[in-house]
Amino acid sequence: MRAAYVDRYGPPDSVVVTEVPTPEPRAGEVVVRVEAVAVTSGDARLRSGRFPRGFGALARLGVGIRGPRARILGGALSGRVERVAPDVTAFAPGDEIAGMTGARLRGHAEFVAAPASKFTGKPEQVGHAEAAGALFGGSTALHFLRKAGVAAGRTVLVNGASGAVGSSAVQLAAHFGATVTAVASRRNHDLVTRLGAHRAVDYTATPVTTLDDRFDIVFDAVGNISRAEGLRLLTPDGTLVLAVADLLDTVRARGRVLAGPAPERPADFAFLLDLVATGALDPLTEIVGDLDAVREAHRRIDTGRKTGNLVVLPHA
Ligand SMILES: NC(=O)c1ccc[n+]([C@@H]2O[C@H](COP(=O)([O-])OP(=O)(O)OC[C@H]3O[C@@H](n4cnc5c(N)ncnc54)[C@H](OP(=O)(O)O)[C@@H]3O)[C@@H](O)[C@H]2O)c1
């Protein structure tokens, strides 16, 4: 089968599409024919070897010294079950499922083998591309917003409101009844307003840290708000979400400061896909091409200006 492969940390051009063996299911696993898979900021970090401050050596020990140990990146995907291990009862060949494959990734390929426990059934009304686009930013935003106590009547500031995580945070916070202030460049203001933001702030004119307002939740999906600046923007019982935190802020995150990796939970995927099915969540999915377009998607992510979610269709 074909797969997009990364040997060494490097620029987008270090992604090459090559032939690799089609995977077999091991105990507990399904083999999925990948119909759509996202190319995410997480994939771009693993391709480039660029990690938040302080994580460099630690991250490389964990994910690979000279290049990512998972040579085939891509974790958020949607597809059709091709084969199942004899002990798998949750799914059968032909089922349409969506999920995230965890640290092993391997989704930028025509087929992937992964534990059945990583997937949920894809609603019929949701296309594969939309499903693949909804999971990465959606599950991150959902986890942190819930943990921060999002609820009707609360005020939420989303920094980086047009990206994968931010656009999900805006929509989910609005869905839960919160009043949302979205920070994005001017060109994305119509978009974030359509997604449910009550107010849009242009960070090129008004740096977010200079705002006089106070919020119940400050959700930083960019990584340019320090812990002290974020805490200053909070109401007395507010919560600061640092979706991008350096090592120090990650280690000392507790109480009203949340950081660290968001979990990948099939129950959350099912919740998000139901919202997509009802039209309450727009994954802002853009199909970039087939596996040969993975490199182009990495280029787009590296600009730092990507809007929403990029997906590729391995069988297109
Ligand atoms: N903790 C976790 O579990 C977790 C999970 C997923 C992602 N993350 C991290 O979260 C971060 C965001 O991920 P993502 O996938 O959402 O990234 P992304 O989609 O690549 O974000 C791009 C967006 O960032 C916006 N942006 C850039 N500079 C900005 C600024 N100074 N102020 C406000 N917005 C700005 C851009 O909007 P404009 O074009 O309007 O500038 C663009 O729409 C990444 O660093 C990723 O590693 C963490």
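The following legends describe an overall view and several close-up views of a predicted model.

In this predicted model, local features require pLDDT of at least 70 and side-chain atom pairs count only at pLDDT 80 or more, while totals for chains, interfaces and linings use all residues. Residues are numbered from 1 along each chain as its sequence is written.

**Figure 1. Overall view of the protein chain.** The chain holds 9 helices and 15 strands (DSSP runs numbered from the N terminus: helices are H or I of at least four residues, strands E of at least two). Its C-alpha trace spans about 55 × 40 × 35 Å along the principal axes. The radius of gyration is 19 Å, which agrees with the value near 20 Å for a compact globule of 316 residues (taken over C-alpha atoms; the globule rule is 2.2 Å times the number of residues to the power 0.38). Buried residues make up 48% of the 316 residues (buried: 20 or more other C-beta atoms, placed from the backbone, within 10 Å of the residue's own; exposed: 12 or fewer; partly exposed: in between).

**Figure 2. The loop between strand 5 (96-100) and strand 6 (111-115), with Leu105.** Leu105 has a positive phi, near 55 degrees. Arg106 lies in the loop between strand 5 and strand 6 as well, and its phi is also positive, near 75 degrees. Most residues other than glycine have a negative phi. Leu105 is buried because 26 other C-beta atoms lie within 10 Å; Arg106 counts as buried with 23 such neighbours.

**Figure 3. The buried face of helix 8 (residues 266-278).** The end C-alpha atoms of this helix of 13 residues are 18 Å apart, in agreement with the expected 18 Å (1.5 Å times one less than the number of residues). Its buried residues are Asp268, Phe269, Leu272, Leu273, Leu275 and Val276. Seen down the helix axis, these residues fall within an arc of 155 degrees, so they line one face (the arc is that of the directions from the axis to the C-beta atoms). Among the elements covering them are strand 5, strand 7, helix 3 and helix 4 (164-175), as judged by contacts (C-beta atoms, placed from the backbone, within 7 Å).

**Figure 4. The outer face and the end of helix 8.** Exposed Ala267 and Thr278 sit on the face turned away from the buried side. Gly279 follows the helix, with a positive phi near 85 degrees.

**Figure 5. Glu124 and Ala277.** Glu124 is placed in the loop between strand 7 (119-121) and helix 3 (128-147). Glu124 is exposed, with 8 other C-beta atoms within 10 Å. Its C-alpha atom is separated by 8.4 Å from that of Ala277, 153 residues apart along the chain.

Key:
Contact = placed C-beta atoms within 7 Å.
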